[in-house]
Amino acid sequence: MQGQKIPATVITGFLGAGKTTMIRHLLSKADGRRIALIVNEFGDLGVDGDVLKGCGAENCTEDDIVELTNGCICCTVADDFIPTMEKLLDRDEKPDHIVIETSGLALPQPLVAAFNWPGIKPRVTVDGVITVVDSAAVADGRFAEDHERLDAQRRDDDALDHESPLEELFEDQLTAADLIVLNKADLIDDTRLEAVRSDVAVRSKRSPAMVTAKGGEVPPAVLLGLGMESEADIANRKSHHERAHDAAHEAGEDHHHDHDEFDSFVVEAGAIADPDRFIEQLKSIISDHDVLRLKGFADVPGKPMRLVIQAVGTRIDSYFDRPWSVGEVRGSRLVVIGLHDIDKSTIETAIRQAAGG
Ligand SMILES: Nc1nc2c(ncn2[C@@H]2O[C@H](COP(=O)(O)OP(=O)(O)OP(=O)(O)O)[C@@H](O)[C@H]2O)c(=O)[nH]1
């Protein structure tokens, strides 16, 4: 039965874990297999889709990449994801495989459940859910909340009924996985990597396979063809939210899910004359204001190419990816993501000042 359905791989993982990097690698090694990509991002700037379109893979052209930037995919399943999927499945030239990159803040569970919808179920199946992990961030304790502090907060505030939003989401993404990729293994030594492996194994409520990777380099044969039919097994992958929802339902209460623990905004920064200096200043801004993720494109005067800037915490990569196109307005646009109380106006002013040098 599954042989007649188009396989779809769901790639999830927290902000900046390396999902897009892994997909780029996958496309470069796909050996003629026609892959359609659905890319979902948190924030109003479609950076991932743009980076993937820029990679020029023959088996995945611009037409094969659909961007869903209308909020996190888990909250827009009915309005965005299902119609997009139906359109993709109605095309004359069907893809051999569909890859879906969720936003770094998405809960994969509602997306996997959507594969049981009547219009979708007969035509496509979830080949596997792959969760990409930033091993260095885990080793640095980014998702390990201070439980004593949280317990004290809960004692002071009855309304606080959940763990830290970062930790909860991280665990939900692990629990959904059929395969976990411990990425960024280049940034930590073997001892720390083994500690990350144990930590991840404990946090996942199931026991998925794990592989390690550097630069998202995982052979396509490992990622595709898992044949898991994950949509048939959603009851075993429940998120914290779903468990809380079940408990609230039993207690006759309502439990609401949204992403209001997180916020994002776009900064338009003008031309950046001295990128090295700008990046140094960005590091301070990011650490002063607890920015979780910052990414986008910058205009460097005198350079024909646009500069990609990618920050995950204070670790920042930058590279020129492609020439500015004819008619394209040069400019610097950066999306900033943080917790809900992030200080937008101060950060915006600081980034603009840093850009102006
Ligand atoms: N050192 C190192 N950097 C990596 C690795 N994988 C990805 N990166 C870098 O990490 C940053 C984020 O990578 P992305 O692939 O954009 O991460 P993502 O998970 O798609 O990010 P979001 O979609 O924003 O959640 C980029 O600067 C990558 O170059 C790795 O294995 N090692």
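Two strands count as paired if DSSP finds at least two bridges between them. The views below show a predicted model.

**View A. Seven strands make an open parallel sheet.** The strand order is E3-E2-E4-E1-E5-E6-E7. Which strands stand at the edges? They are strand E3 (65-68) and strand E7 (209-212). Each of these two pairs on one side only. Neighbouring strands of this sheet are turned by 20° against each other on average, with direction ignored. At one end of the order, strand E2 (residues 35-40) meets E3 through four bridges, in the parallel sense. Look there for Leu37, which stands opposite Ile65 in E3.

**View B. Helices H1 and H8 lie across strands of the seven-strand order.** Helix H1 crosses strand E1 (6-12), E2, strand E4 (97-101), strand E5 (124-134) and strand E6 (179-183). The direction of H1 makes about 160° with that of E4. Helix H8 spans residues 190-203. H8 lies across E5, E6 and E7. Against E6, H8 runs at about 150°. E5 and E6 are thus found under both descriptions, in the list for H1 and in the list for H8.

**View C. The chain is divided into two domains, 2-250 and 262-356.** The first range is domain 1 and the second is domain 2. How far apart are their C-alpha centres? The distance is 25 Å. Across the boundary, 14 residues of domain 1 are in contact with 15 residues of domain 2. On the side of domain 1 that touches domain 2, eight residues are nonpolar, four are polar and two are charged. UniProt, in an unreviewed entry, lists residues 262-355 as "domain: CobW C-terminal". That span is 29% helix and 39% strand. The C-alpha atoms at its two ends lie 25 Å apart.

**View D. Five strands form an open antiparallel sheet.** The order reads E8-E12-E9-E10-E11. Strand E8 (262-268) and strand E11 (315-323) hold the edges. Each has a single partner strand, so one side of each has no neighbour in the sheet. From one strand to the next, the twist averages 15°. Helix H12 (residues 344-356) packs on this sheet. H12 touches E8 and strand E12 (333-339). The directions of H12 and E8 make an angle of about 30°.

**View E. E9 and E10 form a hairpin.** Strand E9 covers residues 293-298. Six bridges join E9 to E10, and the two run antiparallel. Two pairs mark the register. Arg293 has Val312 in E10 as its bridge partner. Lys295 stands opposite Gln310 in E10. Six residues lie between the two strands. Which residue in this turn has a positive phi? It is Gly302, with a phi of about 90°.

**View F. E10 and E11 form a hairpin as well.** Seven bridges link E10 and E11 in the antiparallel sense. Val308 has Tyr319 in E11 as its bridge partner. Ile309 stands opposite Ser318 in E11. Two residues separate the strands here. In the turn, Gly313 has a positive phi of about 60°.

**View G. The ligand is surrounded by 21 residues.** Gly18, Thr20, Thr21, Gly104 and Gln310 come nearest. Gln310 is the residue that Lys295 faces in View E. Which elements supply at least two residues each to the shell? Helix H1 (19-28) and strand E10 (305-312) do. H1 gives the largest share, three residues. By class, the shell holds four nonpolar, 10 polar and seven charged residues. Why does the ligand shell lie between the domains? Domain 1 (2-250) and domain 2 (262-356) both contribute residues to the shell, so it lies between them. View G therefore ties together domain 1 and domain 2, both of which give residues to the shell.

Notes: Residues are numbered from 1 along each chain as its sequence is written. This is a predicted model: local features need pLDDT of at least 70, side-chain atom pairs count only at pLDDT 80 or more; totals for chains, interfaces and linings use all residues. A residue is near a molecule or strand if its C-beta atom, placed from the backbone, lies within 6 Å of it. Ala, Val, Leu, Ile, Met, Phe, Trp, Tyr, Cys and Pro count as nonpolar, Asp, Glu, Lys and Arg as charged, and the others, Gly among them, as polar. Domain bounds come from an automatic or database domain assignment. Axes are lines fitted to C-alpha atoms, for helices over the stretch in contact, and angles run from 0 to 180 degrees between N-to-C directions. Two residues are in contact if their C-beta atoms, placed from the backbone, lie within 7 Å. UniProt positions are given in the numbering used here, feature names are shortened, and annotations may be inferred rather than shown by experiment.
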